[in-house]
Amino acid sequence: PICPHRKIIDIAIMAVPTMAKMPSSAASVIPKTMAESLTSTSPQASLLNLASASEDAALKLAMELSASLSSPSTTSYSTYKDSGVTNSTAVTTKRYPIALPESIQRYEKQKQRKETKNASTPVVTTKKKKAEEDDDDLHGLDAASACAESILSSLSKIASGGSKASTEMRQLERERRETDEEANDVQDALNLRRLASMGADALSSRRYADSAMAVRDYNRVNATARGKTLAGDFAQSSHERTRSVLRQAVLERYETSVTTGDIAGLSELTPLLSMLDLETKGVELYLKYTQSTVSAQMEAGPDYNVELSEEEKQGLSRAAIKRKEAELTAKLKASGAVITGNVCQQLAKVYNTAVTHLRHHLPMVAYALGDADGDAALVQLVHVEVEKRAVAIIRSYTRERELALHETKAERIANAIEERYTSGVGLQETSLGPLTSLGLGVGGDSAQTALERAKLGASEDDCGFTAEVGQLVDVDAAMEEAALCLQHTESYERFIRHAVDEVTKARKLRLSQKIEEKRHKREIEEQKRLEQEADTGTRLTPAEEEALKKKQQEEEKEDEELMKKPIEILPPHTKLNDIVAEVGGYYSGLERSLLLAGMQRAFMNANFPDERHYSPMAVINSVSGGGGGGQQNVIPQHGEAGCNALQTSVIEECLYAAQRSTLRAFATGHTGTASVAANYCADILGRFLLEVLNKRAEMGANLLKPGEGLLDGRGGLGQAAQNLMNTAQKGLRGGANVVRGKGGNNPGVGGGKNLDHEETPEVIQAIAMGVARACANTNDLEVAVEYTRRLEKKFASEIDSSYPRGHETEQLRMCVKSLGPVTDSFRDASNSAIQNLISVIMPRVRSIVNDAVGQDGAGAGTASFGAVMGGVGGGMGGGGGGIGGGGSRFNYDLDEAAFELAQISEGYMDKLCSSLDDLINPLRVHLAPRLADILVIGVLGGASKRIEAAIRRVCF
């Protein structure tokens, strides 16, 4: 429809720029400001000029408004003024919609008379004539008053014209709005008729999807009562009939699809339920289908594929092997054999069925049935089915494996292992080890055979681990199975929690969209109410406004509460979480016992060492470069510190067992189990292993004690070295019952007899190997520093790659960081061990210094400078000195002859350095470089203090 006032509106719009350009016509002759008016010859002329400008503006505005509002004429004031019309009556009737003030009319008349008189009468220049002309003019105050009245009249005309224009514009806007509403109602009526006809046609053709979309679109048309009236009762009745028949037909077919398990039919009909307002009924039917389908698949048992043995695969190609395995598998399934599988296979079947069903069906349910919370109900139902079966499987597994009983036994055995080795009872090293390098035997057997026999006998005493818990291999396999069980459950737990989070996010998004639509609808209704009040000129009473405002606030509060109200799809802790935590506790206890049993086996092997037990030190430079921070792998050259350093297999076996145990717990994905395993690892390494390594380092230091061990004492070789040369029946600790292999004579114990003539190359090599192996016990602490640091780094990287961010993951990370103090404790223990070794060899260092400086070792620091000659030979001169077989000693009380003899003989400092080198060098080349440096500095420091004390007693 065409607006009847469109022409008037166009004229009013055209009048606006005309009024804006109004002052341009008189800009050249009419002053615009008061300053320009002051350039006139008199104040009266200035006021008249201003009045004229205002009058012209008022006249033009009045003419434009009159032309646009009262008549179709477009004649403007400029037309009259340019035509030369001067008749006041004509101006009044043709130029103004209302009459001019009397002052303006009187002024116009006087002006016309004056102009007529001037045109007909010659100009008189006399003073009298000038006075007469002035008398004819208006008085100055009268002229000013007339100008002000003219301006006021002009403003009044403008205001009245603008008010009239505003009223008419509002009226036109109201008519336009009513016309638009009528047009919208007509359009809605046409849409309703079209959709009703479309839905009926699609239903008759059994095109249920098209019919459902037509019904949905019909319901979405927000038609007013007038629009529905225009659509007619036929459209409404046709729509209701189509909707009713379509709902019944869709429900019947949906129930049939649920009963028969027709996934294609469900996929086709499920999206139609939300269009027909059948979400609640659809959720009920879909859950029924899910329960039957999931239960049947879970109870079918694990998938089983027949695999041919290696013998059966002989002579067959890969394709033939696959075909034969597929045929055997099909026959096995066709026979109806029930295959239960182990616990991991059963859990995998349950979890995979649930995950597959949710991945395929949850997106469609969330889209079609999300308004009825169908997605949340689907997740709940699937988890209930999984939980019911998984809990039963895991409980059956714990009963069959007797995890609780074995965990109790393992805890008792673990405590026994700790007590045995921390007290030092289990660290009695056998004396057969050094004999293996010489090929010696006992009772006709080789040393290697005797060593194996002794190791086999000692392995039977493992604190009852084998008898109570089982073989290490079997227990390790059981731990693998338990870890895999926990891993499957944790993987499902993460998936179902992720699904819950996604469903919650989707629900919040749907709610926010609904709330936004309601808010937008309220805003539209409020805008219509305000427009209606403006049209009718009525307003709500304060009570009505207060009630309306209160209603809006209540609706907004309900929307906020609906957004904040969470839906609990799954509880924070389910039965599945509880059973997993229980199994995780059993697993952690057994894993700790297995770790201690693995370390016990390493300690048993160390008690019966052979060549396989020792290896070159792998982290020489990494631990020598400032506290374990370096990573350069430079092998020391021959003769340098650490060039022949060894390490035992104890530290590698123990750290490998700790790494394997902890990483297997990490692989479960269960943060609680992983945290317990990390704490156990840090505790066992920092307390149990550290104590054992300290005791082994102390034992190694005792084996190196000069005079009693492998190092030279005052009388030559140490007791242990002499026993190694004199017997093939006893080892390093069997010197008390020495029996010669051939002669039967007993040279005694304590190094009283020099046996240099029997130091064969094999024996010398055996002694050097004994020193190296004794030093290896101390090197183990240095190796443990680097290995523990690497272990902490590996655990941290495993957490970053396998665990999601969260509070529990941060707790696990803090448990791993507890390995840092363990690393520091190993470093402190290494420093303490080397200091202990220094204290062991320091008596021999003092003895060497005493021999060099001439102090009596038995005199407790008393200097003996009287005798200059030592060993064999006579004296030369009363106060002179001499030399003998022992070389010169520290003495400043020499005459010239004795000094000359001392110069050509071996000096006391050369002898001191040579003796210290003979003592330190075997240790320096077999210790880690950092430890060797500490040893050398410590020995030189002790010797220097001894020499300093001797020098202070000398009189110069």
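**View 1. Leu155 sits out in the open on helix 8.** In this predicted model, Leu155 counts as exposed because its relative accessible area is 53%, and anything over 50% falls in that class. You'll find Leu155 in helix 8, which covers residues 140-204. Leu155 has company, too: together with Ile151 and Ile158 it makes up a nonpolar patch on the surface. Add the three up and the patch has about 240 Å² of accessible area.

**View 2. Glu182 and Gly227 pair up across a stretch of chain.** Stay on helix 8 for a moment, since Glu182 has its place there as well. Is Glu182 buried, exposed or partly exposed? It is partly exposed, with a relative accessibility of 43%. Now look across to Gly227: along the chain the two residues are 45 residues apart, yet their C-alpha atoms are separated by 8.4 Å.

**View 3. Gln297 and Lys349 make another such pair.** Gln297 belongs to helix 13, which runs over residues 279-298. With 36% relative accessibility, Gln297 is classed as partly exposed. Count along the sequence from Gln297 to Lys349 and you pass 52 residues, but go through space from C-alpha to C-alpha and the gap is 8.5 Å.

**View 4. Here is the largest pocket and what surrounds it.** How much space lies in the largest pocket? The answer is about 1,000 Å³. A total of 27 residues line the largest pocket, and those closest to its centre are Arg220, Asp371, Gln513, Lys514 and Glu517. Several helices help build the lining: helix 9 (208-220), helix 12 (263-275), helix 15 (343-369), helix 20 (472-536) and helix 21 (542-564) each bring at least two residues. Helix 20 provides the largest share, namely nine residues. As for chemistry, the lining splits into 13 charged, nine nonpolar and five polar residues.

**View 5. The second largest cavity is lined by parts of three helices.** Searching the whole structure turns up five cavities of 30 Å³ or more. The one in this view, the second largest, has a volume of about 60 Å³. Its lining is made up of Ser588, Glu591, Arg592, Leu595, Ser661, Thr662, Ala677, Tyr680 and Cys681. Which helices each supply at least two of these residues? They are helix 22 (575-607), helix 24 (649-667) and helix 25 (671-703). Helix 22 gives the most, with four residues. Sort the lining by type and you get four nonpolar, three polar and two charged residues.

**View 6. Arg664 and Asp476 tie two helices together.** Their side chains meet in a salt bridge, with 2.9 Å from N to O. This pair links distant parts of the chain: Arg664 is in helix 24 and Asp476 in helix 20, 188 residues apart. Why is Arg664 called buried? Its relative accessibility is 7%, and buried means under 20%, so Arg664 lands in that class.

**View 7. Asp277 and Arg243 form a bridge between a loop and a helix.** The salt bridge between these two side chains spans 3.4 Å from N to O. Here again the pair links distant parts of the chain, with Asp277 in the loop between helix 12 and helix 13, and Arg243 in helix 11 (residues 233-260), 34 residues apart. Both ends get some exposure: Asp277 is partly exposed with a relative accessible area of 46%, and Arg243 is partly exposed at 21%.

**View 8. Glu400 and Arg401 bridge with each other.** The side chains of Glu400 and Arg401 meet in a salt bridge, 4.0 Å from N to O. What exposure class does each one get? Glu400 is exposed, having a relative accessible area of 58%, whereas Arg401 is partly exposed with 35%.

**View 9. Five charged residues join in a network.** The structure's salt bridges come to 38 in total. Some of them link up: Glu411, Glu418, Arg592, Asp683 and Arg687 are connected in a network of salt bridges. You may recognise Arg592 from View 5, where it helps line the second largest cavity.

Note on methods
Residues numbered from 1 in each chain as written. Predicted model: local features only at pLDDT ≥ 70, side-chain atom pairs only at ≥ 80, totals over all residues. Heavy atoms only, no water. 1 Å grid on protein atoms, 1.4 Å probe; cavity = no way out; pocket = protein on both sides within 12 Å on 5 of 7 lines; lining within 4 Å. Points joined across faces, edges and corners; volume = space filled by probe spheres on them. Nonpolar A, V, L, I, M, F, W, Y, C, P; charged D, E, K, R; others polar. Patch = residues over 30% accessible without salt bridge, like charges linked within 9 Å, V, L, I, M, F, W, Y side chains within 5 Å. Areas by Shrake-Rupley, 256 points an atom, 1.4 Å probe, with all protein chains shown as cover. Buried < 20%, exposed > 50% of the residue type's maximum accessible area, 1.4 Å probe, protein only.
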